[in-house]
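Please open the model in your viewer and keep the sequence beside it. The tour below goes from one selection to the next and says what is found at each stop.

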Amino acid sequence: MALLAQDSAVPCALVALTVFRAPAWACLICFTSYKERTRICQIFAGIQGPELEKCQEAFSSAFADLADIEINYNERSHLHDAFTQMTHSLQEIAAAQGSFNVAFPDAAEKMRKVIMKLKGAQACVPPCGFQDVARRFLCYGCYSKACNFPLDCPVQDLTVTRGQQAKFSCTVNFQLPKEEITYSWKFAGGGLRTQDQSYFRDIPRAQGYLARIRPVQPTHSGTFSCSILHDQRPVARLYFFLNVTSAPPRGEIELQVSFRKVLRWAPKETETLEPWRPSLGELLARPEALTPGNQCLLAALAAVASASATLMVWVFFRWYFKGN
């Protein structure tokens, strides 16, 4: 692995676990080589002898608090650089005749602070997808661990009336990489609800995370599949089953429209009740309208009409006899 120390490899790490018998300091084993660790103790205690074994045991004890450390997979390079600087510093202390009983605990404490400042891995978001932001690196076994979710997401059902619009959104709940994300769409027709890729055919013109069908026809009934790719590698596959139903009869549509209008109707707040003012014909045709007030009004109208008629007759006769 390029990000590990220069002479580090899986066989070397296994040898170190066997020789030093210290799985608790596995982070040190993952990010430094067996040769580097042995060289540090030889500078401190000599090439061989009891002091060399004491140095190795002190090395193990100092890093015991770093047992079972998990870090963000993308932070491996930062931790590797920190361990490289630590080995150089320990070699300088050893060359200056320093004590490994003091140097090792100080180095372990500095590494613990470095690990605490690293960006943590995000939590896994069910139910599907390869979530790179949630990938972890485990020092105990020097391996990475991803979320244990399938690549295929559950099928989402969508029912649309013929002639209407169907819309599919190819999105997931976890964070995607910011670059080199592409989308590919496929379709399995014939009203088939499936996740078997052998039934799907590519939709060449479909691009982007959003797909729309307008107007929907019965031939569109089936399963649409969207693959999210990062650098041409699949991250997640989403499925949408489209069920196309027939449009209701025209009479039923008109009835629904009328019913909606009734539901939307409401009296205006500015409306007020006005008093009833009956006409003369209504007064004569409806006896209940002849209230005392209306009767006085009729009598006054009759008196005015009689006086007007008398005046007109007197004016006519006066004009007639004067002419003769």
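Is N72 buried or exposed? At 6% relative accessibility, N72 counts as buried, where buried means under 20% relative accessible area, exposed means over 50%, and partly exposed is in between, with a 1.4 Å probe and protein chains only.

Before moving on, note that this is a predicted model, in which local features need pLDDT of at least 70 and side-chain atom pairs count only at pLDDT 80 or more, while totals for chains, interfaces and linings use all residues. Residues are numbered from 1 along each chain as its sequence is written, and side-chain values use heavy atoms, with hydrogens and water left out.

**First stop: N72**

Select N72, which lies in strand 1 (residues 70–72); helices (H or I, at least four residues) and strands (E, at least two) are DSSP runs numbered from the N terminus. Leaving aside neighbours within four places in sequence, N72 is in contact (heavy atoms within 4.5 Å) with K119, G120, A121, V133 and R135. Show the backbone of G120 as well, since the side chain of N72 reaches the backbone oxygen of G120 at 3.3 Å. A distance drawn between the C-alpha atoms of N72 and L138 should read 9.1 Å, although these residues are 66 apart along the chain.

**The whole chain**

Zoom out to the protein chain, which has nine helices and ten strands. Of its 324 residues, 31% count as buried. Among the contacts with a separation of 6 or more, 67% are between residues 24 or more positions apart. The chain exposes about 21500 Å², of which carbon and sulfur atoms supply 56%; accessible areas come from the Shrake-Rupley method with a 1.4 Å probe, and for residues only the protein chains shown count as cover.

**Aromatic pairs**

Next, colour the rings of Phe, Tyr and Trp (its six-membered ring), which pair if their centres lie within 6.5 Å, with planes under 30 degrees apart counted as stacked, over 60 as edge-to-face and the rest as tilted. The count by this rule comes to 14 aromatic pairs. One of them is the tilted pair of F31 and F137, at 5.6 Å centre to centre and with 55° between the planes. Because F31 lies in helix 2 (residues 26–31) and F137 in strand 2 (residues 136–138), the pair ties together parts that are 106 residues apart in sequence. F31 is buried, with a relative accessible area of 1%, and F137 counts as buried at 2%.

The rings of F59 and F63 have their centres 5.8 Å apart and their planes at 50°, so this pair is tilted. Both F59 and F63 are buried, and they belong to one aromatic cluster with F44, F100 and F104.

**Salt bridges**

How many salt bridges does the count come to? There are six, a salt bridge being a side-chain nitrogen of Lys or Arg within 4 Å of a carboxyl oxygen of Asp or Glu.

- Select R112 and E109, whose side chains meet in a salt bridge at 2.6 Å, N to O. Being three residues apart in helix 6 (residues 100–117), they are separated by about one helical turn. R112 is partly exposed at 35% relative accessibility, and E109 is partly exposed at 33%.
- Select D157 and R193, which form a salt bridge with the closest N and O atoms 2.9 Å apart. This pair links distant parts of the chain, with D157 in strand 4 (residues 152–161) and R193, 36 residues apart from it, in the loop between strand 6 (181–188) and strand 7 (201–202). R193 is partly exposed, with a relative accessible area of 46%.
- Select K186 and D202, whose side chains meet in a salt bridge at 4.0 Å, N to O. K186 lies in strand 6 and D202 in strand 7, so the pair ties together parts that are 16 residues apart in sequence. K186 is partly exposed at 25%, whereas D202 is exposed at 59%.

**Last stop: R237**

Finish at R237, in strand 10 (residues 233–245), which counts as buried at 19% relative accessibility. Leaving aside neighbours within four places in sequence, the residues in contact with R237 include L151, D152, C153 and Q197.

Technical notes
Polar contact = N/O pair within 3.5 Å; in protein donor to acceptor, adjacent residues only side chain to side chain.
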